Structure formats: C-alpha cells, structure tokens
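Hi,

Here is the structure I promised to pass on. Have a look at it first, and then read my notes below.

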Amino acid sequence: MASKLEALKSSVEGLLASRVVHSTMAFNELTVVCKAQDLLEVATILRDQAGFEQCIDMCGMDYSAYKDQPWDGPRFAAVYQLLSVQHNVRLRLRCFAEDDDFPVLPTLTGVWNCLNWYEREAFDLYGLMFEGHPDLRRLLTDYGFVGHPFRKDFPVSGFVEMRYDATQQRVIYQPVTIEPREITPRIVREENYGG
C-alpha cells in the first residue's frame with residue numbers, strides 16, 4: 001500500500017509541479033495543498049490527467065484553534081475528497097483562502113458539478129465565498145440569520161430566538177427567554193448498590 005501511495009504522490013507532484021504548496025502522506029492517505037489562485041487549474045488537471053473523475057465530498061474548515069493550539073497560517077480552507085475509480089485511489093485536496101476577513105475561493109462546480117450543494121453548505125456554515133458559483137445562497141440557516149454557525153468565534157447563545165406563531169401564520173423573532181435556574185444533582189441509589 002505504501003508503494004502505491006508513494007507512486008501516486010510522485011505522479012501527482014509531477015503533474016502539478018510548482019502548483020503544489022506541499023503534500024503529505026499520513027494514515028495511508030495523500031493530502032495535496034495548493035494556492036487559491038491555482039485551485040481551478042489543479043482540480044482540472046487532477047480530473048483530466050490524473051483520473052480523479054469523482055469528488056466524493058467537500059467541506060469547509062476553520063483552523064483558528066487547530067488541535068487546541070494557536071494556528072499559524074490562513075484560517076479558512078476548503079477540503080476536497082477525490083476518488084479515482086480507474087486507479088482505485090483517493091486523494092485529499094486542500095486549499096486555504098488567503099484573506100481571513102473575507103475568505104474567497106474559486107468555485108469548482110464546473111469541474112465537478114456535485115460541488116454545488118457542498119459549496120453552498122461551506123458558504124452558509126463557515127462564510128467561505130466561492131467566486132463564480134451559480135447559486136451561492138444560504139442552505140441550512142434562515143435567510144435573516146446573521147453570522148456563520150461553524151466559525152469558532154460564533155456566540156453560543158444569541159439575543160433573539162425564532163419560532164412559528166400559529167396566529168400570525170409565520171416565523172417570528174423575539175428576545176431570548178432564558179430563565180435562571182439552579183441545577184441540583186439528583187442522587188438515585190438502589191438498595192444493595194455496591195454490596
């Protein structure tokens with residue numbers, strides 16, 4: 001398995017040449033990192049020349065506190081899980097957005113059209129913008145929602161809550177009603193417990 005992975009690494013690095021920032025092999029998987037400006041070209045080369053005809057999954061990542069340590073580098077990334085059926089190998093492609101305040105990456109929906117949904121999800125939950133996306137809008141949160149839930153700087157509790165009002169027949173927003181309470185543990189012991 002290791003020789004197949006090393007052959008894949010040398011083949012991919014040969015095809016992509018200077019477009020690869022770095023590549024790593026860990027846990028019998030190859031990860032290739034590229035720059036945002038090269039992402040579209042790298043994805044096209046991987047599909048057309050390396051045989052990665054399927055993108056299985058894509059997700060956004062927030063590296064602001066990676067592995068409980070301060071992260072030194074760009075904060076947001078998109079991670080693509082690629083599959084080559086003809087070669088029976090997988091590859092992970094990672095691309096970091098250069099600007100942490102307004103993370104933008106090119107869309108890959110023209111390369112793998114299944115990414116339409118995944119890019120919308122990463123936009124909604126992480127705030128990653130995909131330039132050239134045909135329909136970039138919120139997918140899982142409400143249209144009036146402010147913020148992005150999977151960013152690690154998102155507040156745990158907000159100031160408004162939404163609920164459906166049957167009399168108005170619509171969703172309404174109202175101030176959060178959190179009642180202070182004292183939690184007292186309840187001890188339940190069975191007879192002959194431990195004896």
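Below is what I found in it, going from the whole chain to single residues.

First, a caveat: this is a predicted model.

**The chain overall.** The protein chain has three helices and nine strands. Going along the sequence, they come in the order α-β-β-α-β-β-β-β-α-β-β-β. Of the 195 residues in the protein chain, 36% are buried. If you take the contacts between residues at least 6 apart in sequence, 50% of them join residues at least 24 apart. The accessible surface of the protein chain is about 13,000 Å², and carbon and sulfur atoms account for 52% of that.

**Helix α3.** This one covers residues 115–126, so 12 residues at 1.5 Å each should span 16 Å, and the end C-alpha atoms are indeed 16 Å apart. Its buried residues include Leu 115, Ala 122, Phe 123, Leu 125 and Tyr 126. Some residues with charged side chains are on that buried list as well, namely Glu 119, Arg 120 and Asp 124. What do the buried residues of α3 pack against? Their partners are the strands β3 (54–62), β4 (76–84) and β7 (129–131). Just after the helix, Gly 127 takes a positive phi of about 85 degrees.

**A nonpolar patch on the surface.** Phe 159, Val 160, Met 162, Tyr 164, Val 171 and Tyr 173 form it, and together they have about 700 Å² of accessible area. Strands β8 (160–165) and β9 (170–175) each supply at least two of the patch residues, with β8 giving the most, at three. Take Val 160, which lies in β8: is it buried or exposed? Val 160 has a relative accessible area of 55%, and the cut-off for exposed is over 50%, so Val 160 counts as exposed.

**Two unusual backbone spots.** Most residues other than glycine have a negative phi. Asn 88 is not a glycine, yet its phi is positive, at about 55 degrees. You'll find Asn 88 in the loop between β4 and β5 (89–96), and at 58% relative accessibility it is exposed. Gln 169 is another non-glycine residue with a positive phi of about 55 degrees. Gln 169 sits in the loop between β8 and β9, the two strands that each supply at least two residues of the nonpolar patch. With 61% relative accessibility, Gln 169 counts as exposed too.

Cheers

Definitions and conventions
Residues numbered from 1 in each chain as written. Predicted model: local features only at pLDDT ≥ 70, side-chain atom pairs only at ≥ 80, totals over all residues. Heavy atoms only, no water. Patch = residues over 30% accessible without salt bridge, like charges linked within 9 Å, V, L, I, M, F, W, Y side chains within 5 Å. Areas by Shrake-Rupley, 256 points an atom, 1.4 Å probe, with all protein chains shown as cover. Salt bridge = Lys/Arg side-chain N within 4 Å of Asp/Glu carboxyl O. Helix = DSSP H or I, 4+ residues; strand = E, 2+ residues; numbered from the N terminus. Buried < 20%, exposed > 50% of the residue type's maximum accessible area, 1.4 Å probe, protein only. Expected span 1.5 Å × (residues − 1). Contact = heavy atoms within 4.5 Å.
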